[in-house]
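With the model open in your viewer, please follow this tour from the overall fold down to a single side chain, selecting each item as it comes up.

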Amino acid sequence: MNIRTGTIDDLQTIAEIEARSFPPAEAASSKVLKERLLRFPEHFWILEETNGVISAFVCGMATDEPRLRDEMFENAELHQKAGDWQMIFAVAAVPEYRGRGRASALLNGVIGDVKSQGRKGLVLTCKKSLIPFYETFGFRNEGVSASVHGGAIWYDMRLRFSCP
């Protein structure tokens, strides 16, 4: 497996994985994914299998804001290249590769990369059933989120890096 950053050439595959991973009300459209890839491709981490198949991806933007707001999902212009916090919009794996540790391997890579960039940490929202999964990486549950993205109930999760 290989972890790399995204390019616009990955758009179709990323859009397909996104559509297969999230309900329609929660999935980002191809248009939104394209805007993100054009604005912050270095914040798309892609897991490629040895045969070149993309099996998972993680994406999000950097910002100085400490909370993930719903507007961030739709507005790529809110990205701040030197932002303190890495927001995570999606952790998605091709269904055929789920349960094989792909998302975990990729998320560990993302955490290491974000830490090496000198950011304060990572922020994401997740559904209640995924809280234990993210806690295994050191994320802390900060309670029910103000997010109403896709009409779901979300929980704010934060992984804060220790200060040197």
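Begin with a cartoon of this predicted model, colouring by secondary structure, and you should find five helices and nine strands. Traced from the N terminus on, these elements follow the order β-α-α-β-β-β-α-β-β-α-β-α-β-β. The radius of gyration is 15 Å, close to the 15 Å that the globule rule gives for 164 residues, so the protein is as compact as a globular protein of that length.

Next, select the C-alpha trace alone and turn it along its principal axes, where the protein spans about 40 × 35 × 30 Å. If you then draw contacts between residues with a separation of 6 or more, 63% of them join residues that are 24 or more positions apart.

Switch now to a surface representation, for which the accessible area of the protein comes to about 8100 Å², with 52% of it belonging to carbon and sulfur atoms. Of the 164 residues, 48% count as buried. Selecting the charged side chains picks out 20 positive and 21 negative ones, and the centres of these two sets lie 4 Å apart.

Finally, select strand 5, which covers residues 85–88, and within that strand pick Gln86. Is Gln86 buried or exposed? Its relative accessibility is 0%, and therefore Gln86 counts as buried. To see what surrounds this residue, leave aside its neighbours within four places in sequence and show its remaining contacts, which are His43, Trp45, Gly60, Met61, Ala62, Val114, Arg119, Gly121, Leu122 and Val123.

Note on methods: Residues are numbered from 1 along each chain as its sequence is written. This is a predicted model: local features need pLDDT of at least 70, side-chain atom pairs count only at pLDDT 80 or more; totals for chains, interfaces and linings use all residues. Side-chain values use heavy atoms; hydrogens and water are left out. Helices (H or I, at least four residues) and strands (E, at least two) are DSSP runs, numbered from the N terminus. Buried means under 20% relative accessible area, exposed over 50%, partly exposed in between (1.4 Å probe, protein chains only). Contact means heavy atoms within 4.5 Å. The radius of gyration is taken over C-alpha atoms; the globule rule is 2.2 Å times the number of residues to the power 0.38. Accessible areas come from the Shrake-Rupley method with a 1.4 Å probe; for residues, only the protein chains shown count as cover. Lys and Arg count as positive and Asp and Glu as negative; His and the chain ends are not counted. The place of a charge is taken as NZ of Lys, CZ of Arg, CG of Asp or CD of Glu.
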